[in-house]
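Visitor: Hi! Could you walk me through this structure? I'd like to start with the open spaces and then move on to the folds.

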Amino acid sequence: MAAHPVVGRRAIEMLLQVELPQSEGERLVLVDAAYEDRGREAEFTVQINGTSRHVRISDHDSLLGVVDAWQRHRAEADGDENGDKDEDRVLVVTGRVPAEQLGWDLRAHAVRHRPLPVDRAEIVKQLFGATDLDPRMSGERWLLDALLEAEPVDGGWPRAGAVLTRDRAVRALLAQRLGLGDTTSDTLDLDADTLFAWSRTPTGPATYAALPLAEREGIAEWLAQAAGPAAATLMALAADGRGEQALPLGALASAALSSEAAEAAGFALGTLFGPALSSFEALRPFADAATGVLTRWIAQAESSGPQREEARGRVLDVLEHADRLSTEAKLSPLIGTDRLLPSGYRQRLRDLAALLGGPAGPAETALRHLTEHQLSTVYADSTGTARAAVRLVRWLHHPLPPVESVGRAVRAHMASSGWADLAVSILAEGDSSRDAAVAGAYEKLITAVRARRARLDEAFAQRLAVWTEGASQQAPGGALLIEDVLTEAAAPLARNGGRPLILVLDGMSADVAVQLAGELDRRVWTEVVPKPGPGRQPARQAAVSMVPSVTRISRTSLLCARAEEGGQNKERTGFATFWKRRRREAQLFHKGGYEGPPGHGLAPELLQTLASDDIVGVVLNTIDDALADGREGIAGRWRIGDIAKLPNLLNAARDYGRPVLLVSDHGHVLDRTPRTHQQTAADGVQGARWRTGTPEDGEILLAGPRVGAPGGRAVLPWREDLRYTARQAGYHGGASLAEVTVPVITLVPSAALIPEGWTLLPAERTAPGWWRGEQDPVPGTELPATGTANSATDAGNTAARVPPHAEAPVAAVDGEATDEGTHEGTHELRSEPGADPEPGTRPAAGATGRSGLGERVVRSDPYEAQRRFVRGIQGDKGDAAVAAALDALVAAGGKLSPGAVAAAAQSATGRSQRNPERFATVLERLLNVDGYPVLQLVESGRTVQLNKALLEEQFLGDVE
């Protein structure tokens, strides 16, 4: 026998609104249903045709009770003690009294003279303004009751159109009951992301848990169909009052299922889920859904958008919660180095730290294991520190070139050992995990690196002592002197009317210089260097400071272009005099002279000078000042924005089309000794890092024409832990490589401004091989004798690294600013004059001297057809350039900078190319047959990207 229907107040209200307008004067309504709140009468008012009717609901299971209720109602309504009648009072009688037991004397007073059935489906249809209802809904009492109960107070349910579908009804219910979506929307994109995000809201799961059981079950079933099987477990957790644990438990489920001890881990996991887990088969979809959500959240945390920090905090909150649950359930030992949980990341980090004292290979493997963890980019600082540690392990096992000369030593420091200083600065900041084992391993590694650096500095100091005795501008001994930097690096930029901006970053050491240069926007700035001699790689320049390496000697000598000592007045006079000898006007701005007034980034006088044809110099003291106030004691890493006004100056140089020379006057060493370390007691102290007298352990005596000290003699420490004055963040003046090496970085905003005899320096060639994980020679050093790369493998690998013997990153693309050889916006790929074959001919097999993928492409029929389409592409050297560029990209994994691609092409042709971006654009037009993206400029033009599979499909599909 079917259960007697139960009805609530809202259903009765709707019943009255339908029936009473058709039954004027009737004051009794019999309802064939029991009232949901049995045992008590309910009273309320309802609007009928604009009139308020007072309603009383009385529920009875006996005929006597029904009759008694009606008689009492009549007595009250027919008149009070004054005889006044109340015709607006309505009695609604509910209960389980069969209709046949109700006599006609009672039924005669009732609306329609019989008990009225409550048709929930009809009422719901009316509430939504629909003319028809999804047939499935008529059998789902939980849904109909819930829709009646949950109708919005303000405005009711939104109009549903002709037919109210089941999905539309459930979506409206979810929005009203649980805050999932919007009741006014016709669609609700319910997926795992939406549900798991909802599970973390403060009220959503609690509201769900308070719903009637039938409604909870109905909602859970619908969600499982709409959002996937994971919804059932999630909603079971919400019903159990543990909605906030859904994502953490999902992460743990993923870890347990991928564990080597999956069975034991699953048992421990079952205790965490409790009754919310219907079966172990339900774990997999739930774990997959949770990890999918977390993976997408991690991607948001890795982005550079405004939501990054919020996403990062959300991810870590969930996963750290998972780790706490794991610890409570004693699950942690079973899931080990899981690739999603923070505990797995920390364990991988500890594993790496344990290997830092050994060879590089195992540490490399551990680093790859760490970076494969899904939180490696969320913990970007920690991962970066670990990467710096492994780089230092590589450096410790990388052979150091002998200190054969001062010039070679400072160039090698700029190209290699200065990068080791940078890695030490990163490592010295410590790891954010505050893990004692990791910190101890880092400390030991720093100690080993400093010991090696000390041996290098000692050897350099001994060589410096011999060299200093006779070194001068007339006899530099193969070194670039700081007093020759304007002549060798700035003057070439000023040829043919060039207007360089010379930025002197006081105290900028090699490690700071490479950080700042690495942050430059390569879409704006092209780094250039003098073309190297035969058998040498292009490399950044490095000069030798004056001795001692202090500002009043080194900076003055730099700006006066001769050995001098003095202050700002002498620097301004000497700077103007140097350029006047070259028939150019020049102005030098010091601190206080280039800062703009409020509302101005730069001083109007400086901007006016930048707009003129004058040579401009600006001295920036931020780094040198930081050594005294402790800035570097907190962090050794520098960004362009950390240097006061440097971003403004670089932007102004770009806007005015000025090349830029970034140069220092000396470097510095940081104080990494314990706080209890005392200054060294010594005689003749003249500064923090130099004195007069007799050298002791860790010191060297220097004498000669470039020693700016009394009598041309000074004692300088080469050990970085010696200081003669009060503690600061760092010091300069000594004889270590970090203090004596003067970085020289030259930038042009346009390829047309590259000086004659200079070439661009690809970004890939700025860091040493050990930093990048390669074992190629240090930039700027001689190369071992090698033959021409003939094999496909050698050709590809050589090209990918940008061939060391390349004098310039050039290609067989005409780099002159001319319209000759162009057609409809294309640029010409051509060989040396007189070397072009007859039009329409193809190079003979092996004409490029290669047999790799690039050679196979340029010998293919589709390439020949495309070459005819891209007009002006002719000759063996043009094809050799294309082949070399393709081999370089393939060997590099499909991505290189435009400069590196052009450098690879030049190695095969010897042709000078001043505009790598234009060369990349020509390749793009040549290779993208029918618009398919075989080769693209991505990352706003900073990277050339090759799709190797698409290249082979387009050009080699008919080649066996």
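Visitor: How much space lies in the largest pocket?
Guide: About 1100 Å³. This is a predicted model, where local features need pLDDT of at least 70 and side-chain atom pairs count only at pLDDT 80 or more, while totals for chains, interfaces and linings use all residues. Residues are numbered from 1 along each chain as its sequence is written, and side-chain values use heavy atoms, with hydrogens and water left out.

Visitor: And what counts as a pocket or a cavity?
Guide: On a 1 Å grid over the protein atoms alone, a cavity is a set of points where a 1.4 Å probe fits but cannot get out. A pocket is an open set with protein on both sides within 12 Å along at least five of seven lines, and lining residues have an atom within 4 Å of a point. Points are joined across faces, edges and corners, and the volume is the space filled by probe spheres set on them.

Visitor: Which residues lie nearest the centre of the largest pocket?
Guide: Trp 419, Gln 515, Gly 518, Glu 519 and Trp 771, out of 31 lining residues. Helices H18 (380–397), H19 (406–428), H22 (510–518) and H30 (769–772) each give two or more residues to that lining. Helices here are DSSP runs (H or I, at least four residues) and strands are runs of E (at least two), numbered from the N terminus.

Visitor: How does that lining split by class?
Guide: There are 14 nonpolar, 4 polar and 13 charged residues. Ala, Val, Leu, Ile, Met, Phe, Trp, Tyr, Cys and Pro count as nonpolar, Asp, Glu, Lys and Arg as charged, and the others, Gly among them, as polar.

Visitor: OK, how many cavities does the search find?
Guide: It finds 7 of 30 Å³ or more across the whole structure, and the largest cavity has a volume of about 190 Å³. Of its 17 lining residues, Asp 421, Arg 453, Arg 672, Glu 720 and Ala 738 lie nearest the centre. H19 gives two or more residues to this lining, as do helix H20 (436–468) and strand E16 (669–670). By class, the lining holds 6 nonpolar, 4 polar and 7 charged residues.

Visitor: Switching to sheets: what is the strand order in the one with 4 strands?
Guide: E2-E6-E5-E4, an open sheet with mixed pairing. Two strands pair if DSSP finds at least two bridges between them. Strands E2 (28–30) and E4 (42–48) are the edges, each pairing on one side only, and the twist averages 25° from one strand to the next. Strands E5 (residues 51–60) and E6 (residues 89–95) pair in the parallel sense over 7 bridges, with Asp 59 opposite Thr 94 in E6.

Visitor: Which strands does helix H1 lie across?
Guide: Helix H1 (residues 9–19) lies across E2, E4, E5 and E6, at about 35° to E4. Helix H2 (residues 63–78) lies across E2, E5 and E6, at about 170° to E6. Contact means heavy atoms within 4.5 Å. Axes are lines fitted to C-alpha atoms, for helices over the stretch in contact, with angles from 0 to 180 degrees between N-to-C directions.

Visitor: What about the sheet of 3 strands, which order does that have?
Guide: E24-E26-E25, open and antiparallel. Strands E24 (895–896) and E25 (935–938) each have a single partner strand, so one side of each is left without a neighbour in the sheet. E25 joins strand E26 (residues 943–946) through 4 bridges, and Leu 935 has Leu 946 as its bridge partner there.

Visitor: Last one: where is the cis peptide bond?
Guide: From Val 547 to Pro 548, with omega near -5°. Pro 548 is in the loop between strand E12 (541–544) and helix H23 (551–560).
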